[in-house]
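Grab a viewer and let's work through a few exercises on contacts and burial. Each one starts with a task, and the solution follows step by step.

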Amino acid sequence: MQLPQRHDGETPARPLWLLAELTYACPLQCPYCSNPTEMSQIGREITTEDWFKVLRQAREMGAAQLGLSGGEPLVRQDLEQIVAEGRRLGFYSNLITSGIGMDEERVMRLREAGLDHIQISFQASNAEMNNFLGGTDSFEKKKDMARAIKAHGYPMVLNIVLHRKNIDDIEEIIAMAEALDADYVELANTQYYGWAFHNREMLLPTREQLAHAERVTHAYRERGGPMKLYFIVPDYYDDRPKACMSGWGDIFLTIAPDGIALPCHAARQLPGLDFPDVREHDIDWIWSESPAFNHFRGFDWMQEPCRSCSEKTKDFGGCRCQAYMLTGDMYAADPVCAKSPEHGLVTGAVERANATPADAPAAQPILFRNPKNSKRLHRATSEQ
């Protein structure tokens, strides 16, 4: 079988990174969650044996990195079995978790199963904001789990999603991570997909906020602090799109909780694409031959200005999901790009964010992923 070529036209494409979204269930309610907003309409989760088949077939295709995410993957009671099968097959595995549903015993079980890496997320550097955004009293629990992860020989990797509500606390966020003896810290500005897209007006930071956070991060690096900090700028503050997923169907393979195979976690929102089910097709066919995975490979699908752009081999036209969300046309140039005729959709959002003081009351209530108490959260949001 002749596999499709990578975007460089030389190396046969194979999935190198498998993201196993084990479940969309989660005890938290984060308003920037990247899970689909229509997740309640998505079918039942696939079984342990289905996941074993996915892991085996993806490994046979060459996949080496295994990400275990959700929702909250700890909700799956078979997580240790899936980890152990990944280890048996030779994957390097990374658990992406909120820490809720974990205790020291479970850290030990995951270690024994062969888990290589754990990334734990915080919503903020203080209990009040962390618990408000997450919708549960989780701050101290997260700190306890971060310490347990470190105690059991894992590097401590923290993820903090930054946005208008917490980015001004960047010094405190870095200090919290340092106090926890973190090794790596991902300061990930919100990217506007899923729930975050619906909450964009309440979450997009100002230029001043973003510049301040970058200065603080650079200053820490220049001091030679012990932690490795990764600062990820929001797409909306750039004038060129990212090479989303390093190209459609080029490196990354995502399997959703219901067994639907996707080139990226957000792709199922794109209209007219029939994404295959791992219970009906094997990974080789899905990756190599399915119409959905071949749809945006190469450059023939591109419209202008992308088709004749000299930068198309770098960014592949940007993100198809972002183009669709902003313009309604999944073939359009990503409006993040200054060359896009729809670039004003992005600059307009940025201008509105900068016209509103960072400490101004929210113009509308935040749409939480699964609010525990909508009246309380509506009131609290209005007071932020």
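**Exercise 1. Work out whether Phe252 is buried, partly exposed or exposed, then find its ring partner.**

Step 1: start with accessibility. Phe252 comes out at a relative accessible area of 23%, which makes it partly exposed (buried is under 20%, exposed over 50%, partly exposed in between, with a 1.4 Å probe and protein chains only).

Before going on, some ground rules. You're looking at a predicted model, where local features need pLDDT of at least 70 and side-chain atom pairs count only at pLDDT 80 or more, while totals for chains, interfaces and linings use all residues. Numbering runs from 1 along each chain as its sequence is written, and side-chain values use heavy atoms, with hydrogens and water left out.

Step 2: look for ring pairs. Searching the whole structure turns up nine aromatic pairs (rings of Phe, Tyr and Trp, the last by its six-membered ring, with centres within 6.5 Å; planes under 30 degrees apart are stacked, over 60 edge-to-face, the rest tilted). One of them joins Phe252 to Trp17: the centres are 6.1 Å apart and the planes meet at 50°, a tilted pair.

Step 3: place the partners. Trp17 belongs to strand 1 (residues 17–21) and Phe252 to strand 8 (residues 252–255), so this pair ties together parts 235 residues apart in sequence (helices, H or I with at least four residues, and strands, E with at least two, are DSSP runs numbered from the N terminus). Trp17 is also partly exposed, at 22%.

**Exercise 2. Classify the ring pair of Phe296 and Tyr331 and see what it belongs to.**

Step 1: get the geometry. With centres 5.4 Å apart and planes at 55°, Phe296 and Tyr331 make a tilted pair.

Step 2: locate the rings. Phe296 is in the loop between helix 11 (291–294) and helix 12 (312–315), and Tyr331 in the loop between helix 13 (320–327) and helix 14 (344–355), so the pair ties together parts 35 residues apart.

Step 3: check burial. Phe296 is buried at 2%, whereas Tyr331 is partly exposed at 25%.

Step 4: follow the ring pairs outwards. They link Phe296 and Tyr331 with Trp248, Phe275 and Trp301 in a cluster.

**Exercise 3. How many salt bridges are there, and what do Arg109 and Glu80 do?**

Step 1: run the count. You get 18 salt bridges (a side-chain nitrogen of Lys or Arg within 4 Å of a carboxyl oxygen of Asp or Glu).

Step 2: zoom in on Arg109 and Glu80. Their side chains form a salt bridge at 3.2 Å, N to O. It connects helix 3 (residues 104–113), home of Arg109, to helix 2 (residues 79–89), home of Glu80, 29 residues away. Glu80 is buried at 13%, but Arg109 is partly exposed at 35%.

Step 3: widen the view. Both residues sit in a salt-bridge network with Glu105 and Arg106.

Step 4: now look at Ala113, also in helix 3. Ala113 is buried at 13%, and its C-alpha is 4.6 Å from that of Ala84, 29 residues along the chain. Leaving out residues up to four places away, Ala113 touches Glu80, Val83, Ala84 and Arg87 (contact being heavy atoms within 4.5 Å).

Step 5: pick up Arg87. Its side chain meets Asp116 in a salt bridge at 2.7 Å, N to O. Arg87 is in helix 2 and Asp116 in the loop between helix 3 and strand 4 (117–122), so they tie together parts 29 residues apart.

**Exercise 4. Find what the side chain of Arg164 reaches.**

Step 1: locate Arg164, in the loop between strand 5 (157–162) and helix 6 (170–179).

Step 2: try a salt bridge. Arg164 is buried and has none; Asp359, its nearest side chain of opposite charge, is 7.2 Å away (Lys and Arg count as positive, Asp and Glu as negative, His and the chain ends not at all).

Step 3: try backbone oxygens instead. The Arg164 side chain comes to 3.2 Å from the one of Thr356 and reaches that of Pro357 at 3.2 Å.

Step 4: list other neighbours. Beyond four places in sequence, the contacts of Arg164 include Met202, Leu203, Gln209 and Ala353.

Terms used
A polar contact is a pair of N or O atoms within 3.5 Å; within protein, one must be able to donate a hydrogen and the other to accept it, and residues adjacent in sequence count only if both atoms are side-chain atoms.
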